[in-house]
Each structure stands twice: as C-alpha cells, then as structure tokens.
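Hello! Here are a few notes to read alongside the model, in the order I would look at things on screen.

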Amino acid sequence: MKKALAAAVLGMLAIGSASAEVVYFGYQGFYDNIAEAFDPERWVTGRFVATDVDQDGAYSQNELSILEFGKLSIGNWCTSTTDGFECLTGFSYGPDTGLNFHAITLEEHPDTSTATGVFIGQYYQHIVEAGGNFVFVDLAWTPETRLYVSTSPVPEPATWAMLGTGLAGLLLARRRRAG
C-alpha cells in the first residue's frame, strides 16, 4: 500500500513538473527609426507558454505552445492560409542564455493588410495599411535595451499609478480616522 501511494505521489509530481508555464517578458529602451531617436521609456511586452519537456530549465521551439510579443501572436510553426502566413523560424529561452526568437506574420483582407516582424536583438516592426493609410512601428535594439522576465505579468505604468493612488487613498482615510 505504501509503495502504491508513493508511486501515485511521484506520478503526480511528474505530471505537475511537465505542465505548461507562462513566462512574461518585456524589453525596455529602443531606438525608434521613425522618430530617429532613442526612447529609454519605450516598452514592448509579451509572454510565451511552454512546457519544459526535457526538464533542462530552458525552453526550445518544440516546447513552445504560443508566443505573443507586441502585436505578434504566433504558435511554434510556419503555416500559410488564404489570408496570409505566419512563421516562427527560431525560439529559445534559458535563464543563462536569455530570450531569442525571430518571426514574421502577414495577414491580408480586402480592406486592410497587417505585417509584423521580430528579430530579437535587432528589430521589431509592425505595419498596418488600411485604405491607403499606413501606421508604422519600427524599433531597433540598442546596447541600452533591457530584457525583463517574470512568471507574473509585467505591470504597465498605469497599473503602478492606480496602485499608488489606492495606497494614498488608504493613508488619507487612516489619517482622517486617527484625527
């Protein structure tokens, strides 16, 4: 009985250790090619879902389920549809090696076209064309660009502002009660 219980516990641990993990990340500080200036406050955030199948503490493309970065959302494949294509041609992440991926997507509809390309360490580009009007994002990595990684979402500046406002309100209410 003890052996069966121990085997069941070990089996549950093995299943739990092979579950998918969500990793949030963000890069801060880019050279904006359109504005022709470095913006130290410019963020592009993302997340990926992966399962460390080989239990080596790192993730490879075959362990990836989904990758989102800025306007990019892609699986671990290359595929073509009637509306366009998407291709992730490389992905790896490890605490010692950092994050590396390159991907491109193109989606065309009768009234809009959207293209996104990312090559980590080099560029992030997102282009939308609608009715002859274009919207461009063209960012380049620099030596000052920093990677931040977490297993919880990277908070946006507005989130920090709301937290600060809430804490200030609590302090004010506490002072009113005390005085």
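**Notes on the predicted model**

1. Let me begin with one residue pair: Tyr-31 stands opposite Ala-140, a residue of β11. The strands behind this pair are β1 and β11 (residues 133–140), which are antiparallel and share 2 bridges. Please keep in mind that this is a predicted model.

2. Strand β1 has further partners. With β12 (residues 146–150), β1 forms an antiparallel pairing of 5 bridges. If you want a place to look, Gly-26 has Tyr-148 of β12 as its bridge partner.

3. How many bridges join β1 to β2? The count is 11, between β1 at residues 21–32 and β2 at residues 37–50, and the two strands run antiparallel. Within that pairing, Phe-25 is matched with Gly-46 in β2.

4. The hairpin of β1 and β2 leaves 4 residues between its strands. Glu-36 sits in this loop and has a positive phi of about 55°, although it is not a glycine. Is Glu-36 buried or exposed? Its relative accessibility is 63%, and because anything over 50% is classed as exposed, Glu-36 counts as exposed.

5. A second backbone angle deserves a look in your Ramachandran plot. Gln-55 is also a residue other than glycine with a positive phi, here near 55°. Its place is the loop between β2 and β3 (59–60). With a relative accessible area of 45%, Gln-55 is partly exposed.

6. Now to the overall layout. The chain holds 2 helices and 12 strands. Following the sequence, the order is α-β-β-β-β-β-β-β-β-β-β-β-β-α, with a helix at either end of the pattern.

7. Some totals for the chain may help you set the scene. Of the 179 residues, 26% are buried. The chain exposes about 11500 Å², and 60% of that area comes from carbon and sulfur atoms. Taking contacts between residues at least 6 apart in sequence, 42% join residues at least 24 apart.

8. Phe-91 is a good residue to centre the view on. This phenylalanine belongs to strand β7 and is buried, with a relative accessible area of 7%. Leaving aside residues up to four places away in sequence, Phe-91 touches Phe-48, Tyr-59, Ser-60, Gln-61, Leu-64, Leu-67, Leu-99, Asn-100 and Phe-101. Take Leu-64 from that list: Phe-91 and Leu-64 are 27 residues apart in sequence, and their C-alpha atoms are 8.1 Å apart in space.

9. What is the volume of the largest pocket? The value is about 210 Å³. Its lining consists of Lys-71, Ser-73, Thr-79, Thr-81, Asp-83, Gly-84, Phe-85, Glu-86, Thr-105, Leu-106, Glu-107 and Thr-114. By class, these lining residues divide into 2 nonpolar, 6 polar and 4 charged.

10. Which strands each supply at least two residues of that lining? They are β6 (78–81), β7 (84–94) and β8 (98–108). Strand β7 therefore appears twice in these notes, because it contributes to the pocket lining and also carries the buried Phe-91.

Note on methods: Residues numbered from 1 in each chain as written. Predicted model: local features only at pLDDT ≥ 70, side-chain atom pairs only at ≥ 80, totals over all residues. Heavy atoms only, no water. Pairing = 2+ DSSP bridges. 1 Å grid on protein atoms, 1.4 Å probe; cavity = no way out; pocket = protein on both sides within 12 Å on 5 of 7 lines; lining within 4 Å. Points joined across faces, edges and corners; volume = space filled by probe spheres on them. Nonpolar A, V, L, I, M, F, W, Y, C, P; charged D, E, K, R; others polar. Buried < 20%, exposed > 50% of the residue type's maximum accessible area, 1.4 Å probe, protein only. Contact = heavy atoms within 4.5 Å. Areas by Shrake-Rupley, 256 points an atom, 1.4 Å probe, with all protein chains shown as cover.
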